[in-house]
Amino acid sequence: MRTNLRRLLPAALLGGAAMLAGGGAIAQDTVFLSTQLRPVEEATKMRQIILRDAPGRVTYVVDEPAPMTTRMQAELQGGSRTVSVVGAAHGELLPLMDFDGLEPVGDLAARLADRGIPAPLMESAKLGKDAPRYIPWMQATYIMVADKRALAHLPAGADVNALTYAQLAQWGRNLQERTGRRLIGFPGGPTGLMNRFFQGFLYPSYTGGLVTTFRSAEAEAMWADFKALWATVNPSSTSYNFMQEPLMGEEVWVAFDHVARVIEALRTAPDRFVTFPAPAGPKGRGYMAVVAGLGIVKGAPNRAGAEALIEYMTRPATQVRVAAEFGFFPVVKAQLPADLAPGVKLAAEGVDKTQTARDALVSLLPIGLGARGGEFNKVFIDTFTRIVIRNEPIRAVLDAEAQNLRAIMTATNAPCWAPDPASTGACPVN
Amino acid sequence: MTARRVLYVSGVLVLCAWVLVPIYLIALGGLGGRLGVFRWPKEFLPTGASVDAMLTFLQIEGVWNAAKNSVIAAGLTMVFSVVLGAPAGYALARFAFRGQDAYRLLVLLTRAFPLAILALPLTVTFIRVGLYDTPLGVALVHTALALPFAVLVSASLFMGIPREYEEAAWVFGCSGPGAFLRIVLPLALPGLAATCIFAFVISWNEVFAASLLTVRERTLTAYLLAVLAESPPHFRYAGGLLLVVPSVVFIFAVRKYLFSLWGITNR
């Protein structure tokens with residue numbers, strides 16, 4: 001051991017010294033910190049395919065949303081910046097305004113005006129200020145994917161593109177009776193996006209709201225329905241993070257998930273699957289729009305590089321490539337090519353059917369919760385766990401969790417966002 | 001074969017399986033490709049095994065730099081915690097001083113303190129001092145985490161070495177430090193090796209500080225493995241397999257000292 005230590009010590013110290021000395025050598029690159037496209041495969045494609053042709057040298061780093069916010073604040077306070085561009089979902093960029101962490105990008109937006117970014121997106125990019133604080137980057141939503149074999153078991157008279165929750169439940173029962181298996185799947189795993197299903201799909205569809213209607217009578221009926229539906233859902237759903245693998249592995253035939261988390265299944269076997277919008281409830285077909293944006297960090301070490309990178313990322317050609325690789329769709333006017341890979345085309349159809357459904361009811365990602373977004377999600381997951389998994393009485397659980405929800409809303413003073421009606425002050429839990 | 005022998009052999013087999021079966025299953029998952037993970041029953045040998053997932057890992061841009069950072073940070077952590085921890089442990093073992101018990105408890109407090117609360121001020125301080133985004137900075141935080149173990153383990157280690165040996169060395173003309181170096185240290189080495197392993201593993205596996213305090217110079221865990229949870233299962237298995245390898249190699253390298261620590265010498 002003594003010899004080992006002797007050998008290791010100088011090497012380690014030398015290495016450390018070399019790292020210290022070499023720290024400033026790559027000062028000219030643009031550091032692009034993103035909370036999107038985090039998983040290994042996606043980050044690799046981002047580095048090796050999308051950013052390969054970007055102007056200048058771009059270092060792509062990923063962070064989870066909460067550490068991203070901490071880092072931005074720390075770099076601002078510490079007075080030394082490494083990150084120039086931050087890419088994140090709308091709701092994740094918003095907390096950065098608490099410490100004024102993003103530069104206004106009005107001039108850049110003016111230069112990119114011919115890209116055709118929809119006005120409502122540009123409006124919400126202002127984050128409540130006069131000038132836009134980020135440039136919209138890409139958008140997505142959640143869709144349903146089904147194995148074609150499942151279509152034969154649809155309830156009589158049901159149109160897969162205009163499904164209701166009642167029909168989905170019947171579909172699940174049919175599948176279970178005829179195949180002996182529970183073939184509907186939800187991403188209810190530890191990093192799955194099940195919370196978004198409750199927030200953007202189930203609640204709006206049944207109650208027309210989210211926070212305001214959290215403990216309404218409609219919500220009570222909704223949870224009873226969902227509990228009945230769950231009896232036909234694959235019990236492994238509480239461990240699925242991405243639905244693409246269970247779909248490919250034929251563990252489930254009908255699944256709900258974020259487009260980017262089923263795209264690999266569609267790409268691998270486009271002939272096996274169909275895509276369609278999430279079901280509708282009594283109040284409409286709720287769906288959640290996801291918009292990610294690119295912001296320039298206050299005091300960015302490489303402002304010119306940052307602007308060049310954003311210009312590159314919003315080029316129609318880049319946007320189409322991003323769509324083809326990740327299943328996140330363009331925010332600019334870009335024609336998806338006719339020769340799009342069949343899997344991506346399937347995903348695009350699913351998104352299109354969702355957005356253009358006659359009874360579509362759009363909801364936004366939570367806004368204004370800052371660091372407490374995690375607690376907000378937990379309310380919904382806890383409500384689900386207690387009612388559906390642990391079989392607790394619905395009314396009691398809704399009343400108890402409404403207290404938690406109210407506490408979060410009061411503490412953050414977050415006003416209502418769509419589909420809840422606008423509020424002055426904190427969004428009320430009625 | 002006697003019954004005793006059968007018992008012995010089957011015991012050995014069970015213990016081997018205990019360790020090897022999980023590793024084997026991880027390997028199957030890592031080598032079986034995207035769909036292999038879902039196949040059931042598992043095939044005994046991975047047919048159509050592909051090293052694609054493993055190769056993807058090794059070809060990720062920056063993965064080697066991250067691995068280098070991990071080794072540097074873990075190496076420095078190991079050195080710092082032994083260099084700082086062993087003298088503290090020696091003092092605790094050999095000298096009686098006021099507040100000794102309180103000190104023992106206080107040392108553990110760094111582990112009780114949630115790092116998440118420190119995140120912002122720690123990062124700001126590191127930026128101001130110039131340690132932000134360096135493996136040295138990461139190693140310092142990891143040393144703080146590993147030090148309690150180093151101090152307490154080495155204290156009990158030195159307590160186990162009779163004081164009389166040292167006194168005998170003094171009688172035969174050794175100076176204080178000389179006696180320590182020639183007599184105490186060789187006896188303590190196996191235990192110090194275990195301390196090293198603790199420090200190494202703590203640093204190797206730590207994600208939170210490593211990802212918060214670095215941007216470009218991330219450690220392997222922060223760069224890659226932090227996002228593994230969001231990756232498809234075959235990637236998780238491949239990553240797990242890759243992560244097991246360095247620990248196994250390291251423990252294999254120091255096994256002699258570990259065995260002698262446990263009283264089985266010369267194996």
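Asn234(A) sits in the loop that joins helix H10 (217-230) to H11 of chain A. This is a predicted model, and this loop residue makes a handy place to start a walk through it. Is Asn234(A) buried or exposed? Its relative accessibility is 10%, and the cut-off for burial is under 20%, so Asn234(A) counts as buried. The side chain of Asn234(A) also reaches back to the protein backbone, coming to 2.8 Å from the backbone nitrogen of Ser236(A). If neighbours within four places in sequence are set aside, the residues in contact with Asn234(A) are Arg182(A), Ile184(A), Tyr240(A), Glu251(A) and Val252(A).

## The two domains of chain A

Let us step back to the whole chain. The domain assignment splits chain A into domain 1 (26-140 + 290-356) and domain 2 (142-289 + 360-412). Each of these domains is written as two stretches of sequence, so do keep both ranges in view when you colour the structure by domain. The C-alpha centres of the two domains of chain A are 28 Å apart.

How many residues meet where these domains touch? Domain 1 of chain A brings 28 residues into contact with 25 residues of domain 2 of chain A. Together they bury about 2100 Å², with 67% of that area on carbon and sulfur atoms. Three residues, Val290(A), Leu346(A) and Thr354(A), account for 28% of what domain 1 of chain A buries against domain 2 of chain A, more than any other three residues.

As for polar features, there are zero salt bridges between the two domains of chain A, while six residue pairs are in polar contact, with both partners at pLDDT 80 or more. On the domain 1 side of chain A, at least two residues each come from H2, helix H4 (90-93), strand S10 (290-296), helix H14 (316-326) and helix H15 (342-356). H15(A) provides the largest share of that side, with eleven residues. Sorted by class, the same side has 16 nonpolar, seven polar and five charged residues.

## Chain B and its domains

Now for the partner chain. Which secondary structure elements does chain B hold? It has 13 helices and zero strands. Of the 267 residues in chain B, 45% are buried. Among contacts in chain B with a separation of 6 or more, 74% link residues 24 or more positions apart.

The domain assignment gives chain B a domain 1 (1-50) and a domain 2 (62-261). Eight residues of domain 1 of chain B touch seven residues of domain 2 of chain B. The area buried between these two domains is about 740 Å², and carbon and sulfur atoms give 84% of it. Between them the counts are zero salt bridges and zero residue pairs in polar contact, where both residues must be at pLDDT 80 or more.

Helix H1 (3-31) and helix H2 (33-36) of chain B are the elements that give two or more residues to the domain 1 side of this contact. H1(B) gives the most, four residues. By class, that side has four nonpolar, three polar and one charged residues.

## Where chain A meets chain B

The contact between the chains takes 47 residues from chain A and 50 residues from chain B. The size of an interface is often given as the accessible area lost when the parts come together. For chain A and chain B that value is about 4400 Å², with 66% on carbon and sulfur atoms.

Two salt bridges are counted between the chains. In one of them, the side chain of Arg218(B) meets that of Asp63(A) at 3.2 Å, N to O. Across the interface there are also ten residue pairs in polar contact, both residues being at pLDDT 80 or more.

Which elements of chain A supply at least two residues to its side of the interface? They are helix H1 (2-22), helix H2 (40-50), strand S2 (58-62), helix H3 (65-78) and helix H11 (244-248). H1(A) makes the largest share, with nine residues. The residues on this side of chain A divide into 19 nonpolar, 15 polar and 13 charged.

Here are the three contacts together.

| Contact | Buried area | Share on carbon and sulfur atoms |
|---|---|---|
| Chain A and chain B | about 4400 Å² | 66% |
| Domain 1 and domain 2 of chain A | about 2100 Å² | 67% |
| Domain 1 and domain 2 of chain B | about 740 Å² | 84% |

Methods. Residues are numbered from 1 along each chain as its sequence is written. Chains are lettered from A and ligands numbered from 1 in the order in which they are written. This is a predicted model: local features need pLDDT of at least 70, side-chain atom pairs count only at pLDDT 80 or more; totals for chains, interfaces and linings use all residues. Side-chain values use heavy atoms; hydrogens and water are left out. Contact means heavy atoms within 4.5 Å. Buried area is the accessible area (1.4 Å probe) that two parts lose on being put together, summed over both. A salt bridge is a side-chain nitrogen of Lys or Arg within 4 Å of a carboxyl oxygen of Asp or Glu. A polar contact is a pair of N or O atoms within 3.5 Å; within protein, one must be able to donate a hydrogen and the other to accept it, and residues adjacent in sequence count only if both atoms are side-chain atoms. Ala, Val, Leu, Ile, Met, Phe, Trp, Tyr, Cys and Pro count as nonpolar, Asp, Glu, Lys and Arg as charged, and the others, Gly among them, as polar. Buried means under 20% relative accessible area, exposed over 50%, partly exposed in between (1.4 Å probe, protein chains only).
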